[in-house]
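Here are some notes to read alongside the model, one topic per point. Please keep the structure open while you go through them.

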Amino acid sequence: MSEQLQFEGHQPSDPVSLVVRRRIRPGQEAAYEALLAEANALLARLPGHRGTGVIRPAPGEQEYTLLARFDTLTSAAAWELSPERAAWLERIAPLVDEHVSFEKQPGLDFWFTPPAAATLRQPPRWKMALLTLAALYPVSVSTSWLFGEALKPWLGHYPMPIRAIPQMIVVVLLMTYLVMPAVTRWATPWLRGGR
């Protein structure tokens, strides 16, 4: 399957996440992990790259999911067409048993796609927005209290833009690794329901 990024239905200035699933050959996990670290370092140097995540296989499974977030489709295309990526793909080829899928997800859509999904079918956007708001509100209020009141003696002397940095880091980490995975699992029947 080709890993060509298509632009249909999206503007070049739209943010995007590239989601790549590969099945790794048994016994090649350590070599693949080392090449993943190299890919993360390559991506971190790219203009427009906003973060990378890896979903490792469950015990007994071999499928890895690599998620790379970009500020625009144009930035994502620059990575997709880069000689560095082409060379990296050549290096992982002997380690890969099967290329499962290569998808692009606009905005925050990846939060709403179960990692084991065969295809990346999204729920209606209004449901994603409502669920994100419901999950983000308590996290935002809690971290605002924590950083505004509880940690005020240590952070209160810094200007607001500086104080906001650790708060946003905590919010993003909580939402990405704890809250949204749990909330989307809990709300799966509703998300999959009718439009």
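Does Met128 count as buried or exposed? Met128 counts as buried, at 5% relative accessibility.

1. Ground rules. This is a predicted model, in which local features need pLDDT of at least 70 and side-chain atom pairs count only at pLDDT 80 or more, while totals for chains, interfaces and linings use all residues. Residues are numbered from 1 along each chain as its sequence is written, and side-chain values use heavy atoms, with hydrogens and water left out.

2. Overall make-up. The chain has 7 helices and 4 strands, where helices (H or I, at least four residues) and strands (E, at least two) are DSSP runs numbered from the N terminus. Along the sequence their order is β-α-β-β-α-α-β-α-α-α-α.

3. Surface and contacts. The chain has 195 residues, and 38% of them count as buried; buried means under 20% relative accessible area, exposed over 50%, and partly exposed in between (1.4 Å probe, protein chains only). About 11,300 Å² of surface is accessible, with 64% of that belonging to carbon and sulfur atoms; these areas come from the Shrake-Rupley method with a 1.4 Å probe, and for residues only the protein chains shown count as cover. If you take the contacts (heavy atoms within 4.5 Å) between residues at least 6 apart in sequence, 74% join residues at least 24 apart.

4. Helix α4, at Lys127 and Met128. Lys127 sits in helix α4, residues 125-150, and Met128 lies in α4 too. Lys127 counts as buried because its relative accessibility is 3%. Its side chain reaches the backbone oxygen of Trp190 at 2.6 Å. For Met128, the partner to look at is Leu191: they are 63 residues apart in sequence, yet their C-alpha atoms are 7.8 Å apart in space.

5. Helices α1 and α3. Two packed helices are described by the angle between their axes and the distance between the axes. For α1 (residues 29-44) and α3 (residues 83-92), the angle is about 175° and the axes are 11 Å apart. The axes are lines fitted to C-alpha atoms, for helices over the stretch in contact, and angles run from 0 to 180 degrees between N-to-C directions. The pair is therefore roughly antiparallel, a label for angles over 145 degrees; under 35 counts as roughly parallel, 65 to 115 as roughly perpendicular and the rest as oblique.

6. What lines that contact. From α1 come Tyr32, Leu35, Leu36, Glu38, Ala39 and Leu42, and they meet Glu84, Trp88, Arg91 and Ile92 of α3. By class, this contact has 7 nonpolar, no polar and 3 charged residues. Here Ala, Val, Leu, Ile, Met, Phe, Trp, Tyr, Cys and Pro count as nonpolar, Asp, Glu, Lys and Arg as charged, and the others, Gly among them, as polar.

7. Helix α2. Why is α2 (residues 73-80) described as largely enclosed by the rest of the structure? Because 6 of its 8 residues are buried. Those buried residues are Leu73, Ser75, Ala76, Ala77, Trp79 and Glu80.

8. Strand β2 and the loop after it. Ile55 belongs to strand β2, residues 49-55, and counts as partly exposed at 29% relative accessibility. The C-alpha atoms of Ile55 and Arg21 are 9.2 Å apart, with their positions 34 residues apart in sequence. Pro57 is in the loop between β2 and β3 (63-70) and is partly exposed, with a relative accessible area of 23%. Pro57 and Arg23, 34 residues apart along the chain, have C-alpha atoms separated by 9.1 Å. Not counting residues up to four places away in sequence, Pro57 touches Gln62, Glu63 and Tyr64.

Terms used. A polar contact is a pair of N or O atoms within 3.5 Å; within protein, one must be able to donate a hydrogen and the other to accept it, and residues adjacent in sequence count only if both atoms are side-chain atoms.
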